[in-house]
Amino acid sequence: MPSSWDVIHSSKDHSWRTPARIFNALNTEFLFGLDAASTDENTLCYNHITEEMDALGPTSWGDYYTGTGSIWLNPPYGRGVGAWLQRAYQESQQGHTVVCLVFASTDTRWWADWVWKAEEVRLVSGRIKFLDHEGKPRAAAPKGSAIVIFSPDWKGPPSIKLWRP
């Protein structure tokens, strides 16, 4: 039987959903207009980008919605998360606020390369219980999470805060 670590880091299933209490707390503050990494079944915003639409492709995320509100990003957790954070930063430099939910992996290259360019990093108190593809809570994540907020024209370094949703 695989451990929760193996399951959440598996490249076989990227459909982990953000719990409503996490998303709603941030949506109240940032008014999300786009979910940049979702499926039709697990999207948290009316406007969203699916895997088939290729959020890492050449189309600007701003082309997927009216530009009203911020962009929500809970990227697939795996080896490619650095590309997602790079893109989030690039989109912020095009005028969008992008709020990302990622593991607090301070020891990784992607963290050093991209997170330190954010305006703010909120270290989530406790471990998040993500939802499976059916919306059912799973075991708590194997490590802590962070909310990374990229703002237009911000170059870093970020302010760091503890966040209790």
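Reader: In what order do the seven strands of the open sheet lie?

Author: In this predicted model, seven strands form an open sheet with mixed pairing. Strand 2 (48-50) and strand 7 (159-163) are the edge strands, each pairing on one side only. From one strand to the next the twist averages 20°. The order is 2-1-3-4-6-5-7.

Reader: Which residue is the bridge partner of L123 in strand 7?

Author: Strands of a sheet pair through backbone hydrogen bonds, either parallel or antiparallel. Strand 5 (residues 120-124) and strand 7 run parallel and are joined by five bridges. In strand 7, the partner of L123 is L162.

Reader: What angle does the direction of helix 3 make with that of strand 4?

Author: Helix 2 (residues 20-30) lies across strand 1, strand 3, strand 4, strand 5, strand 6 and strand 7, and runs at about 140° to strand 1. Helix 3 also packs on the sheet, where it touches strand 1, strand 3, strand 4 and strand 6. Its direction and that of strand 4 make an angle of about 160°.

Reader: Why is helix 3 described as largely enclosed by the rest of the structure?

Author: The buried residues of helix 3 include W84, L85 and Y89. They pack against strand 1, strand 3, strand 4, helix 4 and strand 6. Helix 3 is largely enclosed because the number of its twelve residues that are buried is nine.

Reader: How far apart are the end C-alpha atoms of helix 3?

Author: Helix 3 has twelve residues, and at 1.5 Å a residue they should span 16 Å. The model agrees with this, since the end C-alpha atoms are apart by 17 Å.

Reader: Which element gives the most residues to the largest nonpolar core?

Author: This core has 27 residues, and those touching the most other members are W61, L73, L85, C100, V148 and F150. Elements giving two or more residues include strand 1 (32-38), helix 3 (81-92) and strand 6 (145-150). With five residues, the element that gives the most is helix 3.

Reader: Which residues of the 145-150 strand does C100 touch?

Author: The contacts of C100 leave out residues up to four places away in sequence. Among them are L73, L85 and A88. Strand 6 covers 145-150, and the residues there that C100 touches are A146, I147, V148 and F150.

Reader: Where in the chain is confidence lowest?

Author: The chain averages a pLDDT of 89, and 91% of the residues score at least 70. Over residues 1-11, however, the pLDDT is below 50. Where pLDDT is low, the predicted coordinates should not be read in detail. Confidence is highest in strand 3, at 98, and lowest, at a mean of 44, in helix 1 (residues 4-8).

Note on methods
Residues numbered from 1 in each chain as written. Predicted model: local features only at pLDDT ≥ 70, side-chain atom pairs only at ≥ 80, totals over all residues. Heavy atoms only, no water. Core = buried A, V, L, I, M, F, W, Y, C linked by side-chain atoms within 4.5 Å. Buried < 20%, exposed > 50% of the residue type's maximum accessible area, 1.4 Å probe, protein only. Helix = DSSP H or I, 4+ residues; strand = E, 2+ residues; numbered from the N terminus. Contact = heavy atoms within 4.5 Å. Pairing = 2+ DSSP bridges. Axes fitted to C-alpha atoms, helices over the stretch in contact; angles between N-to-C directions. pLDDT = per-residue confidence, 0-100. Expected span 1.5 Å × (residues − 1).
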